[in-house]
Amino acid sequence: MLAGLALAPAILRGAEPEIVTSLGAIRGTSEGGVRVFRGLRYGAASRFQAPAAPPPIGDVLAADRFGPSSPQRGDRYPPTSEDCLYLNIWTPEASPARRRPVMVYIHGGAYSTGSAVDPLLDGGRLALNDVVVVTLQHRLGAFGYLYLARLDPRFPDSGNAGQLDLILALRWIRENIARFGGDPGEVTLFGQSGGGAKIATMMGMPAAAGLFHRAATMSGQQVTASGPQNATARTRAYLSALRVDSPEALRTLSTEALVEGLGATDPILGGSLYFGPVLDMKWLTRHPFWPDANPQSNRIPLLLGNTHDETRAFYPPGHPKLAGLGWENIAERIGPELRIDAHPEWVIAEYRRLFPAYSAEQVFYAATTAGRSWRAQLIEAEERARAGAPAYVYQLDHPSPAPHGADIPPVFGGTGALAEAFLRFARTGDPGWPAYTLPARRTMIFGETPHVESDPRRAERELFAPIPYVQPGT
């Protein structure tokens, strides 16, 4: 279904020079010293199927506005369409005469929300540093990750369609980016939260091999993928919420109805349905970082980062979990938020022993950050170290508190120590500090004065180390 065709960029008659892509000629705009190309179609999406090659451009196309976002709950990024396979490019010079490093950003929002049209993700300031910046849209939620294959073999790609969108976009970039001044042999993926998790997953997908050369994840990891039986249980819950009895019946439902069904209760976790990559043994044949770092990508330099106060973004002031929080009720409230099967009273007692000056609220944020948000990054870094694979780790402390997402503005701002590290990494594969090794665990701390520490938060690392970790939702 190609509902998004009506939202494709308009035909342009203007003075900007043409760029001839593999699909036809386009014209962009000039903004703030860079050339900008919005809404370039890289694929065509049909419901629950792998993406296909897009139709050729019939005339010179105006690449002057974003394509639609993936349908999602909340309608934060209108317009939306199931056929949302578009990308955007910012470049200092749209010419193959000079090839610059390419930085491809994959947006966050877990696997269910988000969009490359978010104003935070404007690539203009970053591109002024002599790099080519690409952002892209792909299918989310049920449209990208509803696993139907075990219920209906006519949908063999459904559980990883969103990942296949990203892979198709990278193929388009490899074929076309030189025309925009980029080097197809120097492609760095970077992404925050769910975007980082999608990158970690692609590092273990054979179809993505060779399409990128460096990877950076910002508070976004994927240690394990969803198993096919859990994914099928979620599909059954989704079908039940929609009051249909087979995947075939989904073909005729409206987009709006499919979005409404996303509010179904998750049969495993509770809350709304989890969607994410599936260990389908076709496109994804092993977990990304279990039982070790996938050898497929161990030669690729990896930059891993987290913010110091991740969960302050998930539990802002006024959140019910914080209302009336005290030592008498913190264990009950914190238990499910740790996202691992830890003894909550013991966790609280250990934090009070280690950090006697902390209030109940500070313990809540620290423990949920360490158990829920930091643990997966730590596992990935340590597995890379054990494999002798290049990995570099950072922690964002400033400005304090530094919640989930606090590293997006400084990177896209294109200036300052964090942006400089990302740019250096894109150019060389080395952000400027020692690689993460065991037992040193050297980590760059981006505080008021950036500096390297060995094994920061050691006490919290050791506290949670004995407790098995499985990626929440998988």
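**Sheet, packed helices and cavities**

Helix α4 (residues 194–202) lies across β7 (100–106), β9 (182–192) and β10, where contact means heavy atoms within 4.5 Å, and α4 runs at about 125° to β9. Helices (H or I, at least four residues) and strands (E, at least two) are DSSP runs numbered from the N terminus, and angles run from 0 to 180 degrees between N-to-C directions of lines fitted to C-alpha atoms, for helices over the stretch in contact. This is a predicted model in which local features need pLDDT of at least 70 and side-chain atom pairs count only at pLDDT 80 or more, while totals for chains, interfaces and linings use all residues. Residues are numbered from 1 along each chain as its sequence is written, and side-chain values use heavy atoms, with hydrogens and water left out.

**Sheet**

- An open sheet of 11 strands follows the order β3-β4-β6-β8-β7-β9-β10-β11-β12-β13-β14 with mixed pairing, two strands being paired if DSSP finds at least two bridges between them.
- Because β3 (29–31) and β14 (451–454) each have a single partner strand, one side of each is left without a neighbour in the sheet.
- Strands β10 (residues 214–218) and β11 (residues 302–307) pair in the parallel sense over four bridges, and Thr 217 stands opposite Leu 304 in β11.
- Helix α10 (residues 360–387) packs on the sheet, touching β11 and β12 (391–396), and its direction makes about 160° with that of β11.

**Lining of the second largest cavity**

- Helix α5 (residues 228–242) gives the largest share of this lining, three residues, and lining residues have an atom within 4 Å of a point on a 1 Å grid where a 1.4 Å probe fits but cannot get out.
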